[in-house]
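Biologist: Could we go through this model together, one feature at a time, with the general idea before each case?

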Amino acid sequence: MRIQHTLGGTAHFDGFGYWSGQDVHVSLHPAPPNAGIFFRRIDIPGSSAIPGNIRCRGESPRRTTLIAPDGSGAEVGMVEHLMAALTGMGVDNVEIHCDAPELPGLDGSSGPIVQAIQSVGLVSQSEPSRERRLLCPIRMEANGAWIQVIPATDGRTRFQYEIDYGDRPVIPSGVFRFSPDEDDFAKEVASSRTFILKHEAEQLRQHGFGLRVRPEEVLILDDNGPLQNKLRFVDECARHKLLDMMGDMTLMGFGILGHFSAYRSGHQLNARLVQEMWQRESEIFEIHSDSDKEPNQGELGQGRFSDKKSRMEIPNPM
Ligand SMILES: [Zn+2]
């Protein structure tokens, strides 16, 4: 049985939002057992915590955005690479502070976030992880793309992503598979970068988005390959789509024993699968392991976890 983990200290990373171009500072703080993953916009005093949960997901193109449940309008955009890093590294409880509405794009991957997490290490906590075993298949389809999850007959969580951009040689079709139970997220997935086709990047720029992003910092692809850049893996694009999928599945708020697979799925379709699982939670899951306390994702007792005293109470077996 897995037990819950938080960070061994406060981790930091900074940068600018790919979409907004706005500078942003992020710090990841240890949080008590059952706190889950939640955000605080420290530039908006008095705004509530924003749980990293499907209930708080807002609609925004090509990325995943969370909106505060208190109606304050506080939001955090492009959370998927951080959410994937937390799941991939086994962080259950963390309080995330940021001072702008969009998380930094960094190099387009989760790599710098994983390094920040590794720099402070993890601390195991006293409670069992919240994990659910899926009992029946769930599938979502749209415009020829699909995503599904089926019960894990081998007792492992698995992800599989099939990429298919037609006959574009620069994005070879293929399948990438990853199991957090067997494989190394930091080595296999974290450093794969987001990508965009050159004509899409030009369209976004015309609308005022991505103006600070340079081709050296993100994969911009034309038919000859990446502009002013090199692929880190031959199948880097498929790996990154799997990273996005892992990040989006983290919005369930608990681990799922199931086999996820997707074909050409993106954030919107991923979110529809999570929404469906969330709505049918009591019918489609059984408890694999759990704490006997309710998760709160920062919703209970606002500010309760942001003072130093409660942080110091986190049990540290070291
Ligand atoms: Zn992504």
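**Reading the fold**

Modeller: Let us begin with a backbone detail: just after H1, glycine 90 takes a positive phi of about 80 degrees. Please keep in mind throughout that this is a predicted model.

Biologist: Which residues of H1, the helix that ends ahead of that glycine, are buried?

Modeller: Burial is read by counting neighbouring C-beta atoms, and a residue is called buried if 20 or more others lie within 10 Å of its own. Helix H1, which spans residues 80-89, is mostly covered, with nine of its 10 residues buried. Those residues are Glu80, His81, Leu82, Met83, Ala84, Ala85, Leu86, Thr87 and Gly88. They pack against two strands, S4 (37-41) and S9 (94-98), and against the helices H2 (111-120), H3 (185-188), H5 (236-249) and H6 (267-279).

Biologist: Why does serine 265 count as buried?

Modeller: The same kind of count is applied here: serine 265 is classed as buried because it has 25 C-beta neighbours inside 10 Å. Serine 265 sits in the loop between strand S19 (255-263) and H6. Once neighbours within four places in sequence are set aside, the contacts of serine 265 are Ala145, Trp146, Ile147, Met245 and Asn270. A separation in sequence can be set beside a distance in space: serine 265 and glutamate 162 are 103 residues apart along the chain, while their C-alpha atoms are 8.7 Å apart.

Biologist: How many residues does the largest nonpolar core have, and which of them have the most contacts inside it?

Modeller: The general idea is that in soluble globular proteins nonpolar side chains tend to be buried together. In this model the largest nonpolar core has 74 residues, and Ile50 and Leu242 are those with the most contacts inside it. Helix H5 supplies the largest share of this core, namely seven residues. Leaving aside neighbours within four places in sequence, isoleucine 50 is in contact with Phe38, Phe39, Cys56, Leu66, Ala68, Ala74 and Val76.

Biologist: How should I read the sheets, and which strands stand at the edges of the one ordered S16-S17-S18?

Modeller: A sheet is read from the order of its strands and the sense of their pairing, so let us take an antiparallel case before the one you ask about. Three strands form an open sheet in the order S6-S7-S8, with antiparallel pairing. Its edge strands, S6 (57-58) and S8 (75-76), each pair on one side only. Strand S7, residues 65-67, pairs with S8 in the antiparallel sense over two bridges, and isoleucine 67 stands opposite glutamate 75 in S8.

In the open sheet S16-S17-S18, also of three strands, the pairing is mixed. Strands S16 (195-197) and S18 (225-226) stand at the edges, and because each has a single partner strand, one side of each is left without a neighbour in the sheet. S16 and S17 (residues 219-222) run parallel and are joined by three bridges, with isoleucine 196 opposite isoleucine 220 in S17. Helix H4, residues 198-206, lies across S16 and S17 and runs at about 90 degrees to S16.

Biologist: What is the radius of gyration of the protein, and what would a compact globule have?

Modeller: The radius of gyration can be set against the value for a compact globule, which for 318 residues would be near 20 Å; the protein has 19 Å, which agrees. Its C-alpha atoms fill a box of roughly 55 × 45 × 40 Å along the principal axes. The protein has eight helices and 20 strands, and buried residues make up 44% of its 318 residues. Of the contacts with a separation of 6 or more, 76% are between residues 24 or more positions apart.

Note on methods:
Residues are numbered from 1 along each chain as its sequence is written. This is a predicted model: local features need pLDDT of at least 70, side-chain atom pairs count only at pLDDT 80 or more; totals for chains, interfaces and linings use all residues. A residue is buried if 20 or more other C-beta atoms lie within 10 Å of its own, exposed if 12 or fewer, and partly exposed in between; C-beta atoms are placed from the backbone. Helices (H or I, at least four residues) and strands (E, at least two) are DSSP runs, numbered from the N terminus. Two residues are in contact if their C-beta atoms, placed from the backbone, lie within 7 Å. A nonpolar core is a set of buried Ala, Val, Leu, Ile, Met, Phe, Trp, Tyr and Cys residues joined through C-beta atoms within 7 Å. The radius of gyration is taken over C-alpha atoms; the globule rule is 2.2 Å times the number of residues to the power 0.38. Two strands pair if DSSP finds at least two bridges between them. Axes are lines fitted to C-alpha atoms, for helices over the stretch in contact, and angles run from 0 to 180 degrees between N-to-C directions.
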